[in-house]
Amino acid sequence: MPATTPVGRLAATVERLRREVRTAQAEAEGRALIELAKGILVERLGCGPAQAARQLAELTEQAQVTPLEFAVDVINQAARDRVSEITEAFLSVAADPSGPVAESAAVRLRAAESGVLAAPDTQAMADSLLEHALRPLGAVAVAIWSAGPDGSLTLAGSAGFPPGEAARWRYVPPDVATVARRGLTEPDGQWLPSLAESGLPTIGRREYADGARIAVPSGTGGRIHGVLEIAWPKPEGPLPRPVVRQVEALAELCAHTLETFAPPAGTEPEPGLLPDVVELMDLADGLHDPALVLVPHLDDAGQLVDFRIQHVNSRFLDPAGRPRAVVGGALLLEAYPMAAGAGELFQRVERVYATGEPFRAHRMRLTALVDQVPLSAVADISVSRHGSAVLLIWRIEDETARLASLLQNAQRLGRIGGFEENLLTGEITWNGQLFSLYGRPVSSPPVALQDLPAHGHPDDAVTLGRFLRTLLHHHRPASAAFRLQRPDGVTRHMRVVAEPVLDTDGQLFVVRGAYQDISAQHWTEVALAATRDQLAHTEQQAIERNRLALQLQHAIMPPAQAPLRVPGLQVAVRYRPAETEHLVGGDWYDAVVLPSGLVLLCVGDVAGHGIEAATSMVVLRNALRGLAVTGAGPAQLLSWLNIVAHHLTGAVTATAVCGLYDGERRILRWARAGHLPPVLVRRPDATALPTVKGLLLGAVPEARYEETEVQLAAGDTLLMYTDGLIERRDRSVEESLTHLLDTARAVPGTLDQQLDRLLTYSRSDTDDDTCIVGIRVA
């Protein structure tokens, strides 16, 4: 618009005045910080105010910054408080610590602090926070909440939200979940990247529904006084830590004002006199359902304590049948004291008034107390807020209609249809569900009982004839299951139940009954029978597999084996199969004299159970016997056996320990593949041999194994065993091995007795196979 026109000149004048006001405000706020910096210099330099002003000007000129920026730097250096810490944290992540962004951050925080401390009330404090500290962070609105001792929240001040929001959100009752409530209960506050995704009600939700929110507790000295809530216009990612610390510092500043905040008493006008209440009363009178207009009732401190029933429409009737003249003008909790329970009517109304979100409930129970007698009714409830009042609508259910609806739904869900047949007049009555079961249109005539066999399967004629004879001839209740052949060609499995009704002379004149579609039950029973047959077959197969595996295992390693005759050496073996046959495992042992005169001693354990584990065990045991004839050492034998396990047995894995005993030198050379080391019993002690490196068999294509040797003496006993001897579910292997060593120290008279003792006192609880090979030097 041209500036030469009267309107243009007026607009230019208004814009100039606005700039002058903003400049004056900035200068006033800056002067407070500059004066504070002068005071710091007076205290530090011991000079007068005039000399401090000159010193500040000289230092500002030398630093080549504005006086306000230098004053803030002096305050930060002198204060070393939370604001200065936050400023340093922000500067540490700024792209250019000397640039305008960093400088404005420092000035912004100190200006916000100055504005907050100088604010006459919490509303001015909110305006200062938004203008100086939050708008540069991209925020558009701020709310300062005061926390009451009962857990309620009072809006102490707000800025940036549309007009009317402060009145709508003046008070939030306890236990109402809002963004501010989450910020009060969470130790680190509540950050919501998008308010729409959280679903939480809060101030300004309509205007900034997709924006981010943060709510931080505001407190000092370990005491929380309220919550600082900040709104952004659009979704945001996680805030940088320095920005979060700025927000926490601002919340701490707010706490000093909230500490002395008290809700204003008697500041709201009488709700009944407001125009929106009068309009809501007119709206309630035009409704066809009972409706109440409720207005908040506050105590002397301005806290919401109840709702007054301001108006009741002409169709009102409460659960006790009382007219509107009885409850009109009364307080809600006075008229309905039993509405105050958790989750009851009063709490719902209170939440709607606090958040503005309507509440709907189907079949909520209402209770009125009349002469100390509770009278209840079930009703559909609707609660909504309109301005400063709440509209409560309830529609009390007709019990007869409700029961009829329940019966109809039960018949539909249970696929049940009812009938009644008058044998004297021939009149037949079916309900709609029975027509559906028969597959006939509602306009078609019902089927008489005498004609029932014509609609059933021919194979069910005898069953239906017996049913009709019992019912119509013997006059006794009867039931029958049959197959119904419908006109659409579908066959359904049905059950019919009927009872006779006799007159005063004992003559039959009416039959009542019901049909139920049991097709699903029938086919379920058929499927269950087939499943049972299949399970029985599978179980028989499993039993046969376990029997074969057990036979194979016992054929290779019988539980009792003839002793091995070796000069100067006693050799004994024990094999204890699993108690549960389906846990047939792959444990194996071997003790054999080789052509070289050396004695091959070994035990092993193939992973898994069943026929596969048993056959893999046979392969490894026989392979080791054949490889041992080559004269190779234990390490080389395990290396070859690893190749067999990996390539020739379907990639099974197993553990093993292999030893070669030289009777002339009394030396045992041994190696291990992931197995527990042997135990040496040399009176009066028993110890496990030092562990040598060795990967379990079959894990990798090629593996190298270490071997070592142990010099035995006369009377020494060496034990090799599988983990089934010591393994427990509730203890570590080390604890179980310690118990084995304690048991082995008590040496009985013979080697066989010692092996039997180890099996007897074994604490293993895994029900696994167990193999033991023992040698004693004579």
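Helix α10 is largely enclosed by the rest of the structure, because 13 of its 18 residues are buried. This holds for a predicted model, and every value below is computed from that model. The length of helix α10 was also checked. The helix covers residues 241-258, and at 1.5 Å a residue it should span 26 Å. Its end C-alpha atoms lie 25 Å apart, which agrees with the expected span.

Empty space inside the protein was examined next. Rolling a probe the size of a water molecule over the atoms shows where such space is left. The count comes to 3 cavities of 30 Å³ or more. The largest cavity has a volume of about 100 Å³. Its lining is made up of 14 residues. Nearest its centre lie Ile 726, Ser 736, His 739, Leu 740 and Arg 763. Helix α22, residues 733-745, gives the largest share of this lining, with 5 residues. By class, the lining of the largest cavity is mixed: 5 residues are nonpolar, 5 are polar and 4 are charged.

Aromatic rings were then compared in pairs. The count comes to 8 aromatic pairs. One of them joins Tyr 438 and Tyr 515, with ring centres 5.5 Å apart. Their planes meet at 85°, and an angle over 60 degrees counts as edge-to-face, so this pair is edge-to-face. The pair links distant parts of the chain, as the two residues are 77 residues apart. Tyr 438 belongs to helix α16 (residues 432-438), whereas Tyr 515 belongs to strand β16 (residues 508-517). Both Tyr 438 and Tyr 515 are buried. The two tyrosines are also part of one aromatic cluster, together with Phe 419, Trp 430 and Phe 435.

Charged side chains also meet aromatic rings. Arg 385 lies over the face of Tyr 353, at 4.3 Å from the ring centre. In another case, the charged end of Arg 757 sits over the ring of Tyr 761. Here the distance to the ring centre is 4.6 Å.

The backbone was inspected as well. Arg 683 and Pro 684 are joined by a cis peptide bond, with omega at about 5°. Pro 684 is found in the loop between β23 (679-682) and β24 (685-688).

Positive phi values were noted in residues other than glycine. His 475 has phi near 55°. This residue, His 475, is in the loop between α18 (461-473) and β14 (478-485). Its relative accessibility is 28%, and the partly exposed class runs between 20% and 50%, so His 475 counts as partly exposed. Arg 666 likewise has a positive phi, near 55°. Arg 666 lies in the loop between β21 (654-662) and β22 (667-673). With a relative accessible area of 31%, Arg 666 is partly exposed.

A contact between separate stretches of sequence completes the set. Ala 613 is found in helix α20, residues 611-628. The relative accessible area of Ala 613 is 3%, and the limit for a buried residue is under 20%, so Ala 613 is buried. Ala 613 and Gly 585 are 28 residues apart in sequence. In space, their C-alpha atoms are 5.9 Å apart.

Key. Residues numbered from 1 in each chain as written. Predicted model: local features only at pLDDT ≥ 70, side-chain atom pairs only at ≥ 80, totals over all residues. Heavy atoms only, no water. Helix = DSSP H or I, 4+ residues; strand = E, 2+ residues; numbered from the N terminus. Expected span 1.5 Å × (residues − 1). Buried < 20%, exposed > 50% of the residue type's maximum accessible area, 1.4 Å probe, protein only. 1 Å grid on protein atoms, 1.4 Å probe; cavity = no way out; pocket = protein on both sides within 12 Å on 5 of 7 lines; lining within 4 Å. Points joined across faces, edges and corners; volume = space filled by probe spheres on them. Nonpolar A, V, L, I, M, F, W, Y, C, P; charged D, E, K, R; others polar. Phe/Tyr/Trp six-rings, centres within 6.5 Å; stacked < 30°, edge-to-face > 60°. Lys NZ or Arg CZ within 6 Å of the ring centre and 35° of its normal.
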